[in-house]
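User: Hi! Could you take a close look at the salt bridges for me, and set them in the context of the chain as a whole? I'd like one connected account that I can follow on the screen.

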Amino acid sequence: GSQLYPKMQTGGKIWNTLPDDLKATGIIKPVRKLTNNVKGDAAASTEPTETFDYLWLPSYKEVVGTTSALSSDTNHWINKEGSQYEFFANKGINGGGTYTILAGMDKTQNESGPSGADDTRWWERSCGPGDPNYFVYCDTSGDPSGARRAGISYGVVLGFSL
């Protein structure tokens, strides 16, 4: 898993920044997430890891619905990472391309970017297809199919369920 994952879980650095009323017992509900930890081996045939998370990053599949923008080698494993969220489907996001709604989605309501991060890009949960140290991200134009080395300070778009 990534170094970011434990920071999002109960007691982690990101979790601890949430308002106390949201962290109160039972307010945020855990959600079943599937993540395929192929670690850069696009040809690997692995089953996804199941977790129950209070906070999570969306997977590539949860953002775009269809995985046609990635190579066919990656489709067999990235398709196992859930289903497209209704929010993204209702915004017309369907496969590869650029989407204005995705560009800058990690900004706050007052349009400021994340502290210490490149506020023009945001990380997704999916592993990058070509390297064990890469994860998928959304770029400045709103294209959610980029892959970069983990450790770069990009923003995050957190998911949670009330």
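Analyst: Happy to. A good place to begin is the pattern of contacts: of those in the protein chain between residues at least 6 apart in sequence, 55% join residues at least 24 apart. Please keep in mind throughout that this is a predicted model. The chain has 162 residues, and 39% of them are buried. It holds 5 helices and 6 strands, which come along the sequence in the pattern α-α-β-β-α-α-α-β-β-β-β. Its accessible surface is about 8,400 Å², with 50% of that belonging to carbon and sulfur atoms.

Now to your request. How many salt bridges does a search of the whole structure find? There are 4, and strand β1 is a helpful place to start, with Arg-32 and Lys-33 side by side in your view.

Take Lys-33 first. Its side chain meets that of Glu-62 in a salt bridge, with 2.6 Å from N to O. This pair links distant parts of the chain, with Lys-33 in strand β1 and Glu-62 in helix α3 (residues 60–64), 29 residues apart. Are these two partners buried or exposed? Lys-33 is buried, with a relative accessible area of 3%, and Glu-62 also counts as buried, at 3% relative accessibility. Both values fall under the 20% cut-off, so each partner is placed in the buried class. The pair has company, too: Lys-33, Glu-62 and Arg-125 are linked in a network of salt bridges.

Turn next to Arg-32, which forms a salt bridge with Glu-50, the closest N and O atoms being 2.4 Å apart. Here the link runs from strand β1, where Arg-32 sits, to Glu-50 in strand β2 (residues 49–53), and the partners are 18 residues apart. The setting contrasts with that of the Lys-33 pair: Arg-32 is partly exposed, with a relative accessible area of 48%, and Glu-50 is partly exposed at 42%, whereas Lys-33 is buried.

The pair in helix α2 has another kind of geometry. Lys-23 and Asp-20 meet through their side chains in a salt bridge of 3.5 Å, N to O. Because they are 3 residues apart in helix α2, about one helical turn separates Lys-23 from Asp-20. Lys-23 is partly exposed at 23% relative accessible area, while Asp-20 counts as exposed at 61%.

If you follow the chain on from helix α2 (20–23), you enter the loop that leads to β1 (31–35), and Ile-27 is found there. Ile-27 counts as partly exposed, at 35% relative accessibility. Together with Phe-160 and Leu-162, Ile-27 makes a nonpolar surface patch of about 290 Å².

Polar side chains inside the chain deserve a look as well. Ser-126 lies in strand β3 (residues 118–127) and is buried, at 0% relative accessibility. Its side chain and that of Glu-81 are joined by a polar contact of 2.5 Å. What else does Ser-126 touch, not counting residues up to four places away in sequence? Besides Glu-81, its contacts are Ser-59, Tyr-60, Ile-78, Phe-135 and Val-136. Tyr-60 is a handy landmark in that group, as helix α3 covers residues 60–64.

Strand β3 also brings us to the cysteines. Cys-127 is buried, with a relative accessible area of 5%, and Cys-138 is buried too, at 0%. How many disulfides does a search of the whole structure find? It finds 0.

For a contrast with all these polar groups, look at Met-8 in helix α1 (residues 5–8). Met-8 is buried, with a relative accessible area of 4%. Leaving aside neighbours within four places in sequence, Met-8 is in contact with Ile-14, Trp-15, Leu-55, Trp-56, Leu-57 and Leu-158. For Leu-55, the C-alpha atoms of the two residues are 5.7 Å apart, although 47 residues separate Met-8 and Leu-55 along the chain.

To bring it back to your question: strand β1 contributes Arg-32 to a link with strand β2 and Lys-33 to a link with helix α3, while Lys-23 and Asp-20 pair up within helix α2. I'd centre the view on Lys-33, Glu-62 and Arg-125, the residues of the salt-bridge network.

Definitions and conventions
Residues are numbered from 1 along each chain as its sequence is written. This is a predicted model: local features need pLDDT of at least 70, side-chain atom pairs count only at pLDDT 80 or more; totals for chains, interfaces and linings use all residues. Side-chain values use heavy atoms; hydrogens and water are left out. Helices (H or I, at least four residues) and strands (E, at least two) are DSSP runs, numbered from the N terminus. Buried means under 20% relative accessible area, exposed over 50%, partly exposed in between (1.4 Å probe, protein chains only). Contact means heavy atoms within 4.5 Å. Accessible areas come from the Shrake-Rupley method with a 1.4 Å probe; for residues, only the protein chains shown count as cover. Patches are made of residues with over 30% relative accessible area and no salt bridge: like charges are joined within 9 Å, nonpolar side chains (Val, Leu, Ile, Met, Phe, Trp, Tyr) within 5 Å. A disulfide is a pair of cysteine sulfur atoms within 2.5 Å. A polar contact is a pair of N or O atoms within 3.5 Å; within protein, one must be able to donate a hydrogen and the other to accept it, and residues adjacent in sequence count only if both atoms are side-chain atoms.
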